[in-house]
Amino acid sequence: MRLLALLVALLALVAAGCGGGDDDDTGSRSDGDTKAPPTRVEVVEGLGESGGFDPKAIYESEAPGVVTVISVFGSGGVDSALGGGEGGGVGSGFVLNGEGEIATNAHVVTTGEGGAIRRARSVFVEFADGNQVPAKIVGADPNADIALLRIDPDGLKLRPLPLGDSASVEVGEPVAAIGSPFGEKQSLSIGVISAIDRSIQSLNQNFSISGAIQTDAAINPGNSGGPLVDGEGRVVGVNQQIKTTSGGGEGVGFAVPVDAVKRSLDMLRDSGEARYAYLGVSSVGLFPQLVDRFNLDVQKGAWVQEVTSGGPADEAGIRGGGSPVVFQATEYQPGGDVITKVDGHPVDDSADLASRIAAFEPGSEVPLEIHRDGETREIKVRLAERPLGDSAGR
């Protein structure tokens, strides 16, 4: 059994599902400034400067709203969970409002992946002031790896953390992570945004989380579910996993973007479930050499490689590729459609396609612009609900 309160330690992060994965875009500044973004060292050296990044102030303001989440799965109690055995584990979370809602990662309060996910037998939330109370799992979203908990707020002094806007996050922006790494409660680490628009692993085996934030702020097992906050103390992401070869933090941590978190929480709050639209393709993004090699007539888009049999794309007549051809040590399946727009909005790459599709409700009929054999066509697709488990396809 995976220790669910721990961050996922990965040797590689593989994008799968609706949009495949282009995770090499580190983002760019929108103000035309060509100056290189600050490094973590420069952020640390600048601490204390008037009007600059102030981790002490951030911690004093936001740490009271960060909690430790204790999950019990087996027959033991809290002590067994705190001991790190397979009966439970420890993660982090943060207060959303005065009504007692708490956000955390789904993998902190569940075990398993895909169709085999099950919830913890009991969950407890411990606050910075020492209060420890039971929590109810309102809902868990395996696609975004987000869970909504609810506690009884009576007698508690709750400090909600404000939610920011991950779409405006820029590389080089200073950030702070607060949580319980290795069970060490109320811990602070600082760094910068290392990259944006990454794709990271979700609990749904066939789909990834697009738009994720990469940071070099120290994130370790136990930080799962805790907030990644900007210089104003606003949550821009929920710390979710690390990329490591040793099992410890190595300066490559990832957070679920807060825009995806907000959408997930809204659905969980409304019905206890989070439903996502599903197209049913595997695709790759384009780059100039790939376009030239396969004589594609567009420079940007999601090049369809495979179409899930019986899925929405298949039913609508979208075509996948044929026999594999190796180019630059990678297999491609030429002949598939290139999707360039979703409901009139441009699609830059595979991750962009995934994000565009995820914005719709299951059952929506959506027009797609595709390029096939030198022609531009519009195909309407009725999206299905994203499935769980090994039978989901891509």
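**Rings, turns and a pocket**

R293 lies over the face of F294, at 4.7 Å from the ring centre. This is a predicted model, and the arrangement of arginine and ring in it is a good place to begin. The ring of F294 also belongs to an aromatic cluster, whose members are F287, F294, W303, F327 and Y332.

The structure holds 6 aromatic pairs. One of them joins F207 and Y278, with ring centres 5.8 Å apart and planes at 80°, an edge-to-face arrangement. This pair links distant parts of the chain: F207 sits in the loop between β11 (187-201) and β12, while Y278 sits in strand β16 (residues 277-278), and 71 residues separate the two. Both F207 and Y278 are buried. In the pair formed by F287 and F327, the planes are at 15°, so the pair counts as stacked, with the centres 6.5 Å apart. Here too distant parts of the chain are linked: F287 is in the loop between β17 (281-285) and α6 (288-293), F327 is in strand β19 (residues 325-327), and the two are 40 residues apart.

Are F287 and F327 buried or exposed, or something in between? F287 is partly exposed, because its relative accessible area is 25%. F327 has a relative accessibility of 15%, so F327 counts as buried. The cut-off that decides the matter is 20%, since buried means under 20% relative accessible area.

F207 has a further partner besides Y278. The charged end of R386 sits over the ring of F207, at 4.4 Å from the ring centre. F207 therefore has a charged end over its ring and is paired edge-to-face with Y278, and it is buried.

The loop that holds F207 leads to strand β12, so the strand itself can be taken next. T215 is found in this strand, which covers residues 208-215. T215 has a relative accessible area of 0%, and is therefore buried. What does the side chain of T215 reach? The side chain reaches the backbone oxygen of V192, at 2.9 Å.

Beyond β12 comes a loop that runs to β13 (227-229), and G226 has its place there. Because its relative accessibility is 0%, G226 counts as buried. G226 and A103 are 123 residues apart in sequence, but their C-alpha atoms are 8.3 Å apart in space. A similar question can be put to strand β3 (residues 88-95), where V95 is placed. V95 is also buried, because its relative accessibility is 0%. How far apart are V95 and L161 in sequence and in space? They are 66 residues apart in sequence and 6.1 Å apart in space, C-alpha to C-alpha.

Two aspartates deserve a look for their backbone angles. D145 has a positive phi of about 55°, although it is not a glycine. Phi of D343 is near 55°, again a positive value in a residue other than glycine. D145 lies in the loop between β8 (132-141) and β9 (146-150), and D343 lies in the loop between β21 (338-342) and β22 (345-346). Their surroundings can be set side by side. D145 has 0% relative accessibility and so counts as buried, whereas D343 is partly exposed because its relative accessible area is 37%.

Next comes helix α8, which spans residues 350-358 and is mostly covered, with 7 of its 9 residues buried. The buried residues are S350, A351, D352, L353, A354, I357 and A358. An α-helix has 3.6 residues a turn, so residues three or four places apart point the same way. At the N-terminal end of α8, D349 acts as a cap: one of its side-chain oxygens lies 3.3 Å from the backbone nitrogen of A351.

The last stop is empty space. Rolling a probe the size of a water molecule over the atoms shows where such space is left. The second largest pocket has a volume of about 320 Å³. Which residues lie nearest its centre? They are A140, P142, E273, A274 and L388, out of 16 residues that line this pocket. By character, the lining divides into 8 nonpolar, 3 polar and 5 charged residues.

Methods:
Residues are numbered from 1 along each chain as its sequence is written. This is a predicted model: local features need pLDDT of at least 70, side-chain atom pairs count only at pLDDT 80 or more; totals for chains, interfaces and linings use all residues. Side-chain values use heavy atoms; hydrogens and water are left out. On a 1 Å grid over the protein atoms alone, a cavity is a set of points where a 1.4 Å probe fits but cannot get out, and a pocket is an open set with protein on both sides within 12 Å along at least five of seven lines; lining residues have an atom within 4 Å of a point. Grid points are joined across faces, edges and corners, and a volume is the space filled by probe spheres set on the points. Ala, Val, Leu, Ile, Met, Phe, Trp, Tyr, Cys and Pro count as nonpolar, Asp, Glu, Lys and Arg as charged, and the others, Gly among them, as polar. Helices (H or I, at least four residues) and strands (E, at least two) are DSSP runs, numbered from the N terminus. Buried means under 20% relative accessible area, exposed over 50%, partly exposed in between (1.4 Å probe, protein chains only). A polar contact is a pair of N or O atoms within 3.5 Å; within protein, one must be able to donate a hydrogen and the other to accept it, and residues adjacent in sequence count only if both atoms are side-chain atoms. Rings of Phe, Tyr and Trp (its six-membered ring) pair if their centres lie within 6.5 Å; planes under 30 degrees apart count as stacked, over 60 as edge-to-face and the rest as tilted. A charge sits over a ring if NZ of Lys or CZ of Arg is within 6 Å of the ring centre and within 35 degrees of the ring normal.
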